[in-house]
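Let's take a walk through this model together, one site at a time. Please have the viewer open and follow along.

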Amino acid sequence: MKNHAKIKEVVFWALFFVIFGLIPLLEKSDYHLILANHILIWGMFAMAFNMLFGVTGMLSFGQALYYGLGAYSVGLMVKNFGDIWFLPAIGLGLLSATLVSILIGLLVIRVSGVYFTVLTLAFGQLVWQITFKWYHFTGGDDGIQSIIPPGILANHTVYYFFTLLLVAVSIWVLRRLVNSPMGLVLRCIRQNPDRVRFLGRRVRRNQLRIYVISSFFAALAGGLMAGVDNSIHPDMFYWTTSGEVILMAVIGGIGQFFGPFIGAALIIIIQDVVGARTEYWSLIIGLIMMVMVLILPKGLVGEVQLLRGRFRPDAKNRGENGTTFSA
Amino acid sequence: MDPSFIIMQFLSGLMMATLLFLVASGLTLIFGVGNVFNFAHGSFYMIGAYLAYQTVSAWHANFWISVLVAALGAGVLGMIAESVFLRRIYGRAEEGGFQILLTYSFILVIDDLVKLIWGAEYKSLARPTGFRGAIEIGGLTIPSYNLAIIGIGLVVVVMAWLILSRTRTGRIARAAALDREMLGSMGVNVPLTMTLVFGIATAMGGFAGALAAPLRSVVPGAGIEVIIDSLIVVVIGGMGNFWGAWLGALILGEVNSFAVATVPDWASLFNYLVMVLTLIFKPEGLFASRKIRKV
Amino acid sequence: MEPLLVLDSVTKSFGGLRVTAGVSFSVAPGSISAVIGPNGAGKTSLFNQITGYLRPDKGRIIFRQEDITDLSTREIVSRGMGRAFQVTSFFPEETVLDNVRVACLSRLNKTRKAIKNVSYFKEATDKAFKILESIGLGKQADRPAFELAHGDQKLLDIGIALGLEPKMLLLDEPTSGMSPEERLLTRNLIKRLWKEFNLTLLFIEHDMDTVFGIAQTVRVLQMGRLLAEGTPEEIRNNPEVITAYLGEEVL
Ligand SMILES: Nc1ncnc2c1ncn2[C@@H]1O[C@H](COP(=O)(O)OP(=O)(O)OP(=O)(O)O)[C@@H](O)[C@H]1O
Ligand SMILES: [Mg+2]
């Protein structure tokens, strides 16, 4: 079991660095570089989201709020004060996401289950509306264009490696977190919150912590994305953005640490292949979601693992019970 | 302030509250009785609006017939959604999360299907004949359709009250947070009840959507706004609580109506403000049903 | 010696249903004693009040000379109260080891550590293994807990409580759902744990062999009232208890 997890981890990192390290060397076109960059950023975003859902059992439908906050911090600072503020703006995004997530977190963790989901959604939509309507400040529907990172970061390849580095570090941090005592407590909270209280731990306090941590990385994703696309728009706050990151996690497998990353890669590739040719994108992701929930609830990575487990003699019913989070 | 302005806004708030209540009570009904959270409830509202549009504009039927068609259609679709899809995830570990994910997929699919059938552009529906004008009462001009909606809402509330307090079904529905096992042990045919209740709930959504169609334009994607508003209503009132939904709708409708008249650009933010205040001071809602904890 | 736990006219109602009706008793430190009573007598509700899961309407609960009536579960637990549950409560997807280890980590106040791997905390791991050996689950340490047999899950529940190094341990029907052989083993195990971990043990049990076999004091609860309290011998011969609960079967 332990060795198995170790191998999986080594395989992931090896593939991660080989694939994402080689892309800029093999591909001369910016197009695929940007696509790979999207996968990196969304992958990290989905993994951070999964800290809430897959690990702690908190289905937030409002992580777009922090993603948008990260992006708009960068966009607004660069637009108003110049591109030199790009990096400090990412920091500002992280800081404001932390503060806002503490404030909103204090409210939303007071309720659990469906209520939590609904309230996170409502707060996300609230901020989206403000962004949408506050035209003078945010550019409203138009968003903000030509956000160019400063200096050598303006070069797409350099910026790509910059994101690769930050994403790798983020994934590594999240990975450590899952396997740490705090991660163990978070997993326990999903499975049996009452018992966690009887361990002398505060369930809500821990939920708040992971809400803030997850939001922090969502803001990082948003800030980095502003530099990839060179533009931002209020849809980054919209509930469909939260929905998409949920879908990525569910496709890859919410019970798997690396699952959401794989899910993100898949969705972005599908979007690239079919999304451009159809206006019925939401029908497609709706159907995918339906299939996942009804037929493959453990996600692709989880189901593959289950399939392999079937052939091992000692694992009769491993994973049949709920969504075992294999750390 | 001008008293006639206040009365006008109050009445318009009452009408909004009625529509909100009709949608939200469906949402809260299926949650209270069946423990199912239907994230796509607003999409059934939208289906109702489109069915009304279809019946009136393409088939030239009477508006009130179209309202019945909309309620029936949304109800039947709801029953299909429940019996074909939702039923498969009952009893699964962490069912709550999967309910949200599955009904979320309904939103996405319904949105695009509607777009596929009726196109992406706005549709509008005329008010029914006999309710196009306004009524003069004591110097106030009140659109008669608004009064009709308020009247219909009153009838529904009274009927609901009768059902809830006088019948066995009502008593079951009233006992909040019933679980399906408990219903089963009371000798209720659970699968059938679930499908029926789900159908009634979505029919109420469709009914509200049809009634609202002449007031708001009919457009794909309307489902999500409606669901958020109804969610705010049930958050204020306490999820699964019928009278809570009524009070929540009233508060939200009035706040909204006065906000629209005074600060039109930022009116929708007031909905959230009410929600945040509720959360701070009474996170379990004004009419919270007592929580039963088990060890 | 001062009693470790004192209940002073504890009263609790659910609507019209009185589940605890002025219950008073005290538990001596280092003792092992039982609470018995028919189904629905209010035994579990009493444990819920002692552990802060329910708040009594009236009355006081004193634990280690401190009034804990209004404290939260978390605060009561941190003062040395442990509990295992009637409906077995553990973390099904975690390994047996991690189930106990999370309790040990909590006891050592390491649950805010977010970077170091759980296995880095050797003290917690060693203690968890020691507890698993004590309760006989050492060989199953790496299996996910949901795979365990029901009886082993009940033991694991106790193991989690032990990870917190409680002064006092409440067990709610530790042998329920077990076969007669398992019961015998568990009875001996409880007695051994009581000595090994220097516990003050209070348990609820329907199995009379277990009750009369290991309890020094037995308390009988009926409809929320404390009907009798005494040594096993006294309880066995108490006519009121016999008519109300024991019947002929035990005698
Ligand atoms: N949270 C609650 N709300 C309402 N009633 C409750 C609650 N908890 C327990 N009860 C009721 O209180 C009574 C006592 O329950 P309790 O669980 O304490 O009994 P018990 O003695 O532990 O029974 P058993 O031997 O079956 O475990 C029962 O009638 C039960 O239905
Ligand atoms: Mg009990």
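Is C:Thr44 buried or exposed? With a relative accessible area of 18%, C:Thr44 is buried, since the cut-off for that class is under 20%. Keep in mind as we go that this is a predicted model.

C:Thr44 is a good place to start, as its OG1 atom coordinates the magnesium ion (ligand 2) together with OE1 of C:Gln86, at 1.9 to 2.1 Å. These two residues come from distant parts of the chain, 42 residues apart. C:Thr44 belongs to helix H1 (residues 43-50) of chain C, while C:Gln86 sits in the loop between strand E6 (81-84) and helix H3 (96-107) of chain C. Unlike its buried partner, C:Gln86 is partly exposed, with a relative accessible area of 29%.

Stay with the loop between E6 and H3 of chain C, because it also holds C:Glu93, one end of a pair that crosses between chains. C:Glu93 forms a salt bridge with A:Arg190, and the closest N and O atoms are 3.0 Å apart. On the other side of this contact, A:Arg190 is part of helix H8 (residues 181-191) of chain A. Both ends are covered: A:Arg190 counts as buried at 11% relative accessibility, and C:Glu93 counts as buried at 8%.

How many salt bridges does a search of the whole structure find? Over all chains there are 19. In general, side chains of opposite charge can pair when their charged atoms come close. A local example is found in chain A, where the side chains of A:Arg197 and A:Asp194 meet at 3.0 Å, N to O. These residues are three apart in helix H9 (residues 193-197) of chain A, so about one helical turn separates them. A:Arg197 counts as partly exposed at 23% relative accessibility, and A:Asp194 is likewise partly exposed at 23%.

Chain C offers a salt bridge of longer reach in sequence, between C:Asp207 and C:Arg187 (3.9 Å, N to O). C:Asp207 lies in the loop between strand E8 (200-204) and helix H7 (208-214) of chain C, and C:Arg187 in helix H6 (residues 180-196) of chain C, so their contact ties together parts that are 20 residues apart in sequence. C:Asp207 is buried at 13% relative accessibility, and C:Arg187 is buried at 15%. Elsewhere, salt bridges that share partners join C:Arg60, C:Asp67 and C:Asp70 into one network.

C:Arg60 leads us on to the strands, as this residue in E4(C) is the bridge partner of C:Asp8. Strand E1 (residues 5-14) and strand E4 (residues 58-63) of chain C run antiparallel and are joined by five bridges. They are part of an open sheet of four strands in chain C, with the order E2-E1-E4-E5 and antiparallel pairing. Strands E2 (17-27) and E5 (66-67) of chain C stand at the edges with a single partner strand each, so one side of each has no neighbour in the sheet.

Our last stop is the surface. There, A:Trp134, A:Phe137, B:Val263, B:Trp266, B:Phe270, B:Leu273, B:Leu277, B:Ile280 and B:Phe281 form a nonpolar patch, with about 840 Å² of accessible area together. Which helix gives the most to this patch? That is helix H11 (residues 267-281) of chain B, with five residues. B:Phe281 lies in this helix and is exposed, with a relative accessible area of 67%.

How values were computed:
Residues numbered from 1 in each chain as written. Chains lettered and ligands numbered in written order. Predicted model: local features only at pLDDT ≥ 70, side-chain atom pairs only at ≥ 80, totals over all residues. Heavy atoms only, no water. Donors = N, O, S within 2.8 Å, 3.2 Å for Na, K, Ca; no water. Buried < 20%, exposed > 50% of the residue type's maximum accessible area, 1.4 Å probe, protein only. Patch = residues over 30% accessible without salt bridge, like charges linked within 9 Å, V, L, I, M, F, W, Y side chains within 5 Å. Areas by Shrake-Rupley, 256 points an atom, 1.4 Å probe, with all protein chains shown as cover. Salt bridge = Lys/Arg side-chain N within 4 Å of Asp/Glu carboxyl O. Pairing = 2+ DSSP bridges.
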